[in-house]
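Me: I have just opened this entry and would like to go through it piece by piece. May I start with some quick questions?

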Amino acid sequence: MSFIIKKPSDIKSSEITDQKIYDQRRDFIKKMGLAATAAMGVGHLSLAEAKAYPNLAKSKFSTTTDKLTSLKDVTSYNNFYEFGTGKSDPAKNAGDFNPKPWSVRVEGECEKPGDFHLEDLIKLHTLEERIYRFRCVEGWSMVIPWVGVPLADMIKRFKPTSKAKFVEFETLYDPERMPGQQIKTLPWPYVDGLRMDEAMNPLTLMAVGLYGDELPNQNGAPIRLVVPWKYGFKNIKSIVKIRFVENQARSTWHEVNDREYGFYSNVNPEVDHPRWSQKTERRIGEPFWAPKHKTLMFNGYADQVADLYKGMDLKKLY
Amino acid sequence: MNTATRFSVLMPSMNINLFVKPIFFLLCLIPIFLVVWNGFNNNLGANPAEAILDTMGNWGIYFLLITLSVTPVRKLTGWGGVIRLRRMFGLFAFFYVCLHLLSYIWFDQYFDWNEIVKDIIKRPFITLGFLTFLLLMPLVITSTNKMMLRLKKSWKKLHWMIYPISIMGVVHFFLMTRADFRHPFLIAGILSLLLGYRLYFYFLRKKRS
């Protein structure tokens, strides 16, 4: 691919926008944004430049009761081992990761497999904003305004066959661009998946952004899964493959340590992680000296998803 | 230990007590100072509770290792005075372990004693951490000069406990790690060196006798 992507040395200096002009443009865009905001009479001061996704459809599935976690916290406290195991490593190390161009391979038990440019994957759908609670298996949580499309709508286009019982996702494997993969903290590439009915549930989202903008690299750019009733690690990031399979989908953490991380990994205050309780959670952004929140069954989405697990012993199939 | 060396250990030396000790005392306070400072300046990241808990735990272990380094440093450098800093290092280990435990009780469990007891019984790494804390207590209580003189030979026997205590602390660190074991391995490596140093001399002495 080196003939397409130019190395810095290949770019003529005449092609590079002068920093001054670049700054002026940004400044102009900012002022335009401010003027527009003022013209609309919107109360809050927004210094934001034109956002990638300005007119998003609202969703009835968005939470209205929880306070949003700040953009700063959402983008500076991440578990994304592809960029390092520390919580601040992804924000530090993912800056140079360029998620464009991006293509996703769809394969396995479906009638319409193929390679898709990210843009083509998305453009047929209406992007929505979904404000979801996000609960990490480690015991902390956030409230994040995602931008995305229902996974079910996307999946229907690939026409999965009757053999497709699960759908499996795979993260990009590229140790050059994802330096965390140079160390074998996990068996790369990261994989995870859902049962077909979980994937088709209206809550399940393919996210391409947050806070009205494109996904920051450290949050799984350019496309990631969001399954709000499951622990965070099921929300696989930087997806390059979608595979329809007959047998239970693979799941990296489940394979590494099945005693601690079940395939389903539904948020469940009744089933402890062997090393810590899951009854409570620390809501990021709230005073650290205050008590934690009570964790809700299915992260508070029981009305929408409890039926999926009828008759299952969730203590065994955690 | 003959009378002369014991005398030199207990004898306050003007130099060390007046200058070196206070300087090291202040240095030992830097970790807690930084946590408080960063806490007030909103600089502990998105999850300050976790940051405080981890930092205090780390420094508890670091100070155990520093305490264990005193004897090798003394023997390798010939600076006998360093021995008079050992008690302070050991007490600082306990200080940071206490803050680590307090962070757990406060931020993690919010003083839910019922849950805390269940946690200690149920989870091996919590059990081990709590045991480590309990075993440090008698060492702290008997750390004074008076106790040293009163307990005589058994003082040394009692304070030999610092070896198993350090191993337990490091195992506690291993057991709570999720996937990236580089940090606990580094700590375990340093501890092995410090314990290996003792074992080497122990076997050397055994051979000679």
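Me: What follows α5(B), and what is the sign of its phi?
Reply: The residue after α5(B) is B:Y110, and its phi is positive, near 45°. Please note that this is a predicted model, in which local features need pLDDT of at least 70 and side-chain atom pairs count only at pLDDT 80 or more, while totals for chains, interfaces and linings use all residues. Residues are numbered from 1 along each chain as its sequence is written, with chains lettered from A and ligands numbered from 1 in the order in which they are written.

Me: Why is a positive phi worth a remark?
Reply: Most residues other than glycine have a negative phi. B:Y110 is a residue other than glycine, yet its phi is positive.

Me: Where is B:Y110 found?
Reply: B:Y110 is in the loop between α5 and α6 (113–122) of chain B. Helices (H or I, at least four residues) and strands (E, at least two) are DSSP runs, numbered from the N terminus.

Me: And how much is B:Y110 covered: buried, partly exposed or exposed?
Reply: B:Y110 counts as partly exposed because 14 other C-beta atoms lie within 10 Å. With C-beta atoms placed from the backbone, a residue is buried if 20 or more others lie within 10 Å of its own, exposed if 12 or fewer, and partly exposed in between.

Me: Which residues of α5(B) are buried, then?
Reply: The buried residues of α5(B) are B:R86, B:F89, B:G90, B:F92, B:A93, B:Y96, B:V97, B:L99, B:H100, B:S103, B:F107 and B:D108.

Me: Stepping back, what is chain B made of?
Reply: Chain B has eleven helices and zero strands. Read from the N terminus, its elements run α-α-α-α-α-α-α-α-α-α-α. The C-alpha atoms occupy a box of roughly 55 × 40 × 35 Å along the principal axes, and 24% of the 209 residues count as buried.

Me: Which helix packs with α4 there, and at what angle?
Reply: Helix α4 (residues 48–77) of chain B packs with helix α10 (residues 162–176) of chain B at an angle of about 150°, and their axes are 10 Å apart. Axes are lines fitted to C-alpha atoms, for helices over the stretch in contact, and angles run from 0 to 180 degrees between N-to-C directions.

Me: Which residues make that contact?
Reply: From α4(B), B:G60, B:I61, B:L64, B:T67 and B:L68 take part, and from α10(B), B:I162, B:S166, B:G169, B:V170 and B:F173. Two residues are in contact if their C-beta atoms, placed from the backbone, lie within 7 Å.

Me: Changing topic, what is in chain A?
Reply: Chain A has eight helices and twelve strands, and 39% of its 318 residues count as buried. Of the contacts in chain A between residues at least 6 apart in sequence, 68% join residues at least 24 apart. For chain B, residues 24 or more positions apart account for 65% of the contacts with a separation of 6 or more.

Me: How many residues of each chain are in contact with the other?
Reply: Between the two chains, 18 residues of chain A are in contact with 15 residues of chain B.

Me: Where are the cis peptide bonds that you can report in chain A?
Reply: One joins A:K100 and A:P101, with omega about -5°; A:P101 is in the loop between α3 (89–93) and β1 (103–108) of chain A. Another joins A:W188 and A:P189, also with omega about -5°. A:P189 lies in the loop between β5 (166–171) and β6 (191–195) of chain A.

Me: What about A:F298, what is its phi?
Reply: A:F298 is not a glycine, yet it has a positive phi of about 50°. It sits in the loop between β12 (293–294) and α8 (302–305) of chain A. A:F298 counts as buried because it has 22 C-beta neighbours inside 10 Å.

Me: Finally, which residues does A:R250 touch?
Reply: Leaving out residues up to four places away in sequence, A:R250 touches A:E168, A:V191, A:G193 and A:E255. A:R250 lies in the loop between β10 (239–245) and α7 (252–256) of chain A.

Me: Is A:R250 buried or partly exposed, and how far is it from A:P54?
Reply: A:R250 has 18 C-beta neighbours inside 10 Å and therefore counts as partly exposed. Its C-alpha atom is separated by 36 Å from that of A:P54, with the two positions 196 residues apart along the chain.
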